[in-house]
Amino acid sequence: MTPRTRYRFHPLVAAAITALTVLAGCSAGSSVQEPTAGTTAGSSGSASPPAPADASLAIGFVLEPGSLDFTQADGAAIPQVLLDNVYETLVSQDQSGAIVPKLAESWTVSPDGLTYTFQLRSGVTFSDGAPFTAQDAAFSIDRVKADWKPAVKAGMDVVASAVATSDTELTVTLTEPSNSWLFRMTTRIGAMFSRTGVADLATTPIGTGPYAFGSWNRGEQIVLTRNPTYWGTPAALATATFRYFQDPAAMDNAMLTGGIQVISAVQTPESLAQFADTTRYQVIEGTTNGEVMMAMNNGRAPLSDVRVRQAISYALDRQQILDGAWSGYGSLIGGHEAPTDPWFTDLTGVYPHDVAKARALLAEAGQSDLRLTLKLPPVPYAQAAGAIVVSQLAEAGITVEASSVTFPVWLDQVFGQADYDLTIVNHVEPRDISTIFGDPAYYTRYDNAQVRDLFAAGDAGTPEEYVADYRAAMETITQDAAAAWLWSFPNLVVADASVRGLPQNAIGESFDLTTVSVG
Amino acid sequence: MTWPLLRRVGIFLLSVLVASVAVFALLTVLGDPARTALGTGATDEAVAALRTRFGLDRSLVTQYLDWAGGILHGDFGVSYVSGVPIGPQIADRLAVTLWLVAGAVVVSLVVAVPCGVLAAVRRGRPEGTLVSVLSQVGVAVPAFLAGLLLVTVFAVTLGWLPANGYRVPAQDPGGFLAHMVLPWLSLGLVQGAVLTRYVRSAVLDELNQDYLRTARSTGLTTMQAVVRHGLRNAALPVLTVLGVQLVTVLVGAVVVERVFVIPGIGSWLADSVGRQDLLAVQGIVLVLVVFALAVSFLVDVAAAALDPRVRRG
């Protein structure tokens, strides 16, 4: 090779390497949205929408699904589009979190809590014309255990059998009583599929809902169309378009120029000022299932000492963190669970901001020069809150070394191996308190047999015992300062002033369009 | 001609081979695709089962040969995350990105050739200096910033053009153009500014050549002499730079696709990286690297065809 050819070749290779580097650099930025992905709206259709018109609506989202088959692929993006809109469940949640009928008109539970008998609606058909019967319901439940891949399928483990006793009656037998099972039936694992409609779920979803799947341009948008043969109140929208934006500024611009009419979840609360004109826009603020918490590694000294964890809890000024990190949107929580959950208790008074008390507890625990690490995932709320936490803990004499890690590193080191002292993450799964604090092997490493017994007893007890036991567990976990709960993640929606019926609180896993209309 | 050409083909193929090994190796050490595909709640058994299903438990050499062999047949595999074949998507997305890149290159040439010639011929005069200064400013502006500025002015404030989105040209040609104008400008103007400086220096080089002095002595103005005789010779160094630029434009496209929500290969790559879809990332990166190498190869061949001095090289 002559010097001249080499000269021409090198810059190209250099450019290719630059390309690779830039692309690798994208990883941090684009994984940013992942942990917040579950913060979507949902409700059950209790309000009656106006008579059908031919209105269309485009809604902006952040995370696009990889496929349309939530029986095989995990992630919040697929049920966000399809659950409640295309697929329906036997039972559903209303805006206050209560379980209400959907495809089941009613149900009874045997006194021992083991047998559920559902009376199903008749005259319901799937979007491909096939009728919905109890046989389809039994098939759908069996299929979760047999064919589903994602971890959420474990919610169906407690089912011993699902049998169609007639076309409209379904009997489900559990191996042990479980209140949480009926709740899980409102989530994606409770979605009803047609026995003849599961051949190509990744690209052709078939459900009983008010909307049918229309089209999907990858990288751009998914279109749902009104299901003309829907059994219930017909959808008010002729088409609903889910448009995907990786860049929050691009989503804001689309909203400002009429490209979309709804921002499903505001990613940067400080940008809300652009939508202050109430004649054109409305800002809806509600709650989600997300708890932003600073997890503390309960299994590693010195955080295994409850006094150290309590000292940290006293050292934090949560209002200051919420104001600084999330512009004050959201509400303070002292314990782990969303405000819409039945056992939610306001525990914000347990650890008021008290630096003197924090110092006293540290001295009692013999910690004179406490040094901890804080591993932050690349999400805006964690990055913003992290800096404030570091300075607040410094006031109490705790030196915190904060570092940002990529999401895969966070998954591996923090979540996988519990190799961390402190981290900040938004736990978005609904009713996840028993997952996070009921398993000593979970990354929180919280190990309390009494709490585990409460979870087990509550799940097996009456609905009243369920609430009481979970509430008691939540209080014990808070007393133990198993984590420092920072704030309840808000549901922030921006919409054109003409859009009606958007759910205020993000209760379930879907962006529920059943009550939404325009004009 | 034959032997050097064969050698260039050989170098190209070798580079592709090395690149494919590098891409495979880099992304294989990054993480466990099975665990990331199954999410935070997966059991170890489920992860192990998925590893077996996707053949991730085999030796790296076997995995590489299987992957590379599939690609030779156009089979990029099936995503671990979504279960959807990757190959057809690469084709779709690449087509969109090539529209973006092609338009941007046209814009950059339309800007750079006249501006560069003007800056060279009128060097030292106000208009020449102005072009030089403007191109310096343009070089310093990243494409995404240019994009945001253009959107703010032409979409949000004036409302003349859509802020973002994409239309398929075959279905909606008007919409396609309307949606592409701002992305083309934001990529093309920045690249055009870079290219202007190269055109200027290439033309300046030619201005000092004897043949141009001769041409001017026949009564042509400097501008006429450059346009009639100088441009062809100035094209060679510019062509080389344009090759490098094509790759830079491709990198810029990754960001611009994000700003303008264009479903090209760049935004898909960012998406796939975000959801840890490693097999998709491997396929996309390989395609981009091969594209860069192919551009290099073609520039090399074209330069040889234009200039006999290179041909011997």
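1. Let's start with chain B of this predicted model. An unreviewed UniProt entry annotates residues 98-121, 133-161, 181-199, 238-260 and 280-306 of chain B as "transmembrane region". Please keep in mind that such annotations may be inferred rather than shown by experiment.

2. Two of those spans can be set beside the model. Residues 98-121 of chain B are 100% helix and 0% strand, and 34 Å separates the end C-alpha atoms. For residues 133-161 of chain B, the model gives 79% helix and 0% strand, with the end C-alpha atoms 29 Å apart.

3. Do have a look at the surface of chain B as well. There, B:Leu14, B:Leu17, B:Val18 and B:Val21 make up a nonpolar patch, and together they offer about 370 Å² of accessible area. One of these residues, B:Val21, belongs to helix 1 of chain B, which runs over residues 2-28. B:Val21 has a relative accessible area of 41%, so this residue is partly exposed; patch members need over 30%.

4. Now to chain A, which contains 13 helices and 18 strands. The unreviewed UniProt entry places the annotation "domain: Solute-binding protein family" on residues 99-426 of chain A. Across residues 99-426 of chain A, helix accounts for 26% and strand for 25%, while the end C-alpha atoms lie 25 Å from each other.

5. A few totals for chain A round this off. Chain A has 519 residues, 57% of which count as buried. Among contacts in chain A with a separation of 6 or more, 73% join residues 24 or more positions apart. The exposed area of chain A is about 18,000 Å², with 53% of it supplied by carbon and sulfur atoms.

Key: Residues are numbered from 1 along each chain as its sequence is written. Chains are lettered from A and ligands numbered from 1 in the order in which they are written. This is a predicted model: local features need pLDDT of at least 70, side-chain atom pairs count only at pLDDT 80 or more; totals for chains, interfaces and linings use all residues. Side-chain values use heavy atoms; hydrogens and water are left out. Patches are made of residues with over 30% relative accessible area and no salt bridge: like charges are joined within 9 Å, nonpolar side chains (Val, Leu, Ile, Met, Phe, Trp, Tyr) within 5 Å. Accessible areas come from the Shrake-Rupley method with a 1.4 Å probe; for residues, only the protein chains shown count as cover. A salt bridge is a side-chain nitrogen of Lys or Arg within 4 Å of a carboxyl oxygen of Asp or Glu. Helices (H or I, at least four residues) and strands (E, at least two) are DSSP runs, numbered from the N terminus. Buried means under 20% relative accessible area, exposed over 50%, partly exposed in between (1.4 Å probe, protein chains only). Contact means heavy atoms within 4.5 Å.
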